Amino acid sequence: MSNQKYAYLEKQYIGRDYIRICIRLLLAAFCFAAYVYERDRDNTQDLFLVVGFGIIGISILLLFLIHYKTIIVNKSLILDGLWTAKMVKIDLNSIVSVRKDQYNNFFFNNPVYNLHRKGSIRFYSSGRDAVVLTDRDGLEYYIGTQRPNEMYLVIKDEMSK
């Protein structure tokens, strides 16, 4: 599949959610502040420095870790997740409606892959936008995306072929 020209390809990274980045940076800043404050007290101050740099290092690694890829090709939408996650293939011939929507009204959303919840299946890494596909059985697929307009237009184009 890697040699094909895709109608749409998007990679969602698990570490690029701005709110989670801010939380990790605040934790690292707390560790560095505790290191400076505890400098003359006892021998545990070096632990704060190590933990702070560990949080920064993990944050950098998470920026390059792909959560899932969204591929649209040959009237199919393919979601390929991390290591052990099974690839999900949605046949666009079975889709009856497509719409753009907000993924969720909450400020904090956990990254999910193939989460079955209340008659829907959800795929999300970061951002607030999603494209919602409804199949013939009424099952909705919420697919989080950074480019909702482009994904929506490509799906509509693929469905009309």
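This report describes the helix pair, the two sheets and the helix packing of a predicted model.

**Confidence**

The mean pLDDT of the protein is 86, and 93% of its residues reach 70 or more. Of the elements, H2 has the highest mean pLDDT, 92, and E6 the lowest, 82. Where pLDDT is low, the predicted coordinates should not be read in detail.

**The helix pair**

Helix H1 covers residues 18-37 and helix H2 covers residues 45-62. Their axes come within 8 Å and cross at roughly 160°. Angles over 145 degrees count as roughly antiparallel, and H1 and H2 are therefore roughly antiparallel to each other. The handedness of the H1 and H2 crossing is left-handed. On the H1 side, the contact is made by Arg-24, Leu-25, Leu-27, Ala-28, Cys-31, Phe-32, Ala-34 and Tyr-35. H2 contributes Gln-45, Asp-46, Phe-48, Leu-49, Val-51, Gly-52, Phe-53, Ile-55, Ile-56, Ser-59 and Leu-62. By class, the residues of this contact divide into 14 nonpolar, 3 polar and 2 charged.

**The four-stranded sheet**

An open sheet is formed by 4 strands in the order E1-E2-E3-E4, with antiparallel pairing. Strand E1 (8-13) and strand E4 (88-91) are the edge strands, each pairing on one side only. Neighbouring strands of this sheet are turned by 15° against each other on average, direction ignored. Strand E3 (residues 76-81) pairs with E4 in the antiparallel sense over 4 bridges. Within this part of the sheet, Leu-77 stands opposite Ile-90 in E4. Helix H3 (residues 148-160) packs on the sheet and touches E1, strand E2 (66-73) and E3. The direction of H3 makes about 35° with that of E2.

**The five-stranded sheet**

A further open sheet has 5 strands in the order E5-E8-E9-E7-E6, and its pairing is mixed. Its edge strands are strand E5 (95-102) and strand E6 (112-117), each of which pairs on one side only. In this sheet, too, neighbouring strands are turned by 15° against each other on average, direction ignored.

Two antiparallel pairs of this sheet are listed below, with one facing residue pair for each.

| Strand pair | Residues | Bridges | Facing residues |
|---|---|---|---|
| E8 and E9 | E8 129-135, E9 140-144 | 5 bridges | Ala-130 opposite Gly-144 |
| E6 and E7 | E6 112-117, E7 120-124 | 5 bridges | Arg-117 opposite Ser-120 |

What joins E6 and E7 in the chain? They form a hairpin with 2 residues between them. One residue of the turn, Lys-118, has a positive phi of about 50°. E6 is also the element with the lowest mean pLDDT, 82.

**Helix H3 and both sheets**

Which strands of the five-stranded sheet does H3 lie across? H3 lies across E5, E8 and E9, running at about 175° to E5. Angles over 145 degrees count as roughly antiparallel. H3 thus packs on the sheet of E1, E2 and E3 and also lies across E5, E8 and E9.

Conventions: Residues are numbered from 1 along each chain as its sequence is written. This is a predicted model: local features need pLDDT of at least 70, side-chain atom pairs count only at pLDDT 80 or more; totals for chains, interfaces and linings use all residues. Side-chain values use heavy atoms; hydrogens and water are left out. Axes are lines fitted to C-alpha atoms, for helices over the stretch in contact, and angles run from 0 to 180 degrees between N-to-C directions. Angles under 35 degrees count as roughly parallel, over 145 as roughly antiparallel, 65 to 115 as roughly perpendicular and the rest as oblique. A crossing is left-handed if the near helix is turned anticlockwise from the far one by less than a right angle, and right-handed if clockwise. Contact means heavy atoms within 4.5 Å. Ala, Val, Leu, Ile, Met, Phe, Trp, Tyr, Cys and Pro count as nonpolar, Asp, Glu, Lys and Arg as charged, and the others, Gly among them, as polar. Two strands pair if DSSP finds at least two bridges between them. pLDDT is the predictor's confidence in each residue, from 0 to 100.
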